[in-house]
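Ready for a little practice with aromatic rings? Have a look at the model below, then work through the exercises at your own pace.

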Amino acid sequence: DINSTCLKGLLSELPSSCSTLACQNVLPKMLHGITSHPLVEVKEECTDVFHDFLKRFGDNRVMQWSDQENMATSLLNLLKPKQYKSSLRKKVIACVGALSAVLADRQLDSLMRTLLADVRAAATKAEKQKYIQCIGTVSRNVGFRIGQHLKEIAPLFLQIVNQATEGDVSMDGENEQDHEVVENCLNAFESFVLRCSKEIAPHLDELCTVTLSLIAYDPNFYDSGDADNAMDEGFDEFDDDGLVDSDDDDNSWKVRRAALKVLAAMVRGLPDKLEDIYETFAGPLIARFQEREESVRLDVFSTFGEMARSAVVKGQGALAGGGGEPA
């Protein structure tokens, strides 16, 4: 919409000295549009403008005096109706993340408790996915402040990941949503490792076990042995009859890519654990050089390069400090 585009442009150009004026005039109108306007399109535009407003003027003291908890509730209410478009959901999640960065501790605590309750109460995979994605976005915006909640978040997310990836994948594509749920959980863990290394420590062993399994998670892959070739030929016959080839709809690569990002985060964010990480992951990571999905294979090489660089840096540090042989 041209009006929202113009308003966003105006917000980006306003000097900092006008922040209070912007808060007093823009904030109430955007919140009214989000909560009360009957048109979904208007709600979406107001959410988009509110996001830009928070990024630009969220640290203004008027924001600190506002009813932040009601702001968060108003945004989360937009995630509940199933008929709302995915574009609105994405903007709401981004907006919740931007708002979380300026929330006071009490309001942030309330937001996290609400999101965790929503994850547990989600009746469908799609509902669960959007709340998990929201928690990950909040983590990337608030950094270490989410650490106190990891004692609840980490076990819950690990349980969700294990449940979603255990067993065989059905050929009708029912597990595609599971893969996206797992991807969002792993994306959140990437943020937790980088921003809350102390708080994630009690869950690190289980996270390493899960990550080790998921960097090779490829349930639709078959070896090229004779028996499997025969199996593939059998599936080809079904494909000719109209069934979808599993490779076309296979999105398990998202899980492998997300797991590699968690591993890369461990390498960067846990320098005191590097030796254990090398011992656990170096061999399996080299085995993944044969990854069949090109974009994921590039991530494999990138992650291995990250491990190699960290080994060199650690070794140089040990030599410079007289610590003996490099690791």
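The exercises below concern ring pairs and the nonpolar core of this predicted model.

**Exercise 1.** Classify the ring pair of Phe157 and Phe192, and find where the two residues lie.

*Solution.* Start with the total: the structure holds 7 aromatic pairs. For Phe157 and Phe192, the ring centres are 6.4 Å apart, inside the 6.5 Å limit for a pair. Next comes the angle: the planes are at 35°, so the pair is tilted. Finally, place the partners: Phe157 sits in helix H9 (residues 150–165) and Phe192 in helix H10 (residues 176–195), so this pair links distant parts of the chain, 35 residues apart.

**Exercise 2.** Now do likewise for Phe189 and Phe192, and decide whether each is buried or exposed.

*Solution.* The centres of these two rings are 5.7 Å apart. Their planes are at 85°, and angles over 60 degrees count as edge-to-face, so that is the class of this pair. Both residues lie in helix H10, 3 residues apart, about one turn of the helix. For burial, the cut-off is under 20% relative accessible area. Phe189, at 1%, therefore counts as buried, and Phe192, at 0%, does too.

**Exercise 3.** Which residues touch the most other members of the largest nonpolar core, and what does Ile135 contact?

*Solution.* The core has 88 residues, and those touching the most other members are Phe50, Phe53, Ile135, Phe157, Phe192 and Met266. Phe50 and Phe53 also form one aromatic cluster with Phe57. Leaving aside neighbours within four places in sequence, Ile135 contacts Met112, Leu115, Leu116, Val119, Ile146, Ile153, Phe157 and Phe192.

Note on methods:
Residues numbered from 1 in each chain as written. Predicted model: local features only at pLDDT ≥ 70, side-chain atom pairs only at ≥ 80, totals over all residues. Heavy atoms only, no water. Phe/Tyr/Trp six-rings, centres within 6.5 Å; stacked < 30°, edge-to-face > 60°. Helix = DSSP H or I, 4+ residues; strand = E, 2+ residues; numbered from the N terminus. Buried < 20%, exposed > 50% of the residue type's maximum accessible area, 1.4 Å probe, protein only. Core = buried A, V, L, I, M, F, W, Y, C linked by side-chain atoms within 4.5 Å. Contact = heavy atoms within 4.5 Å.
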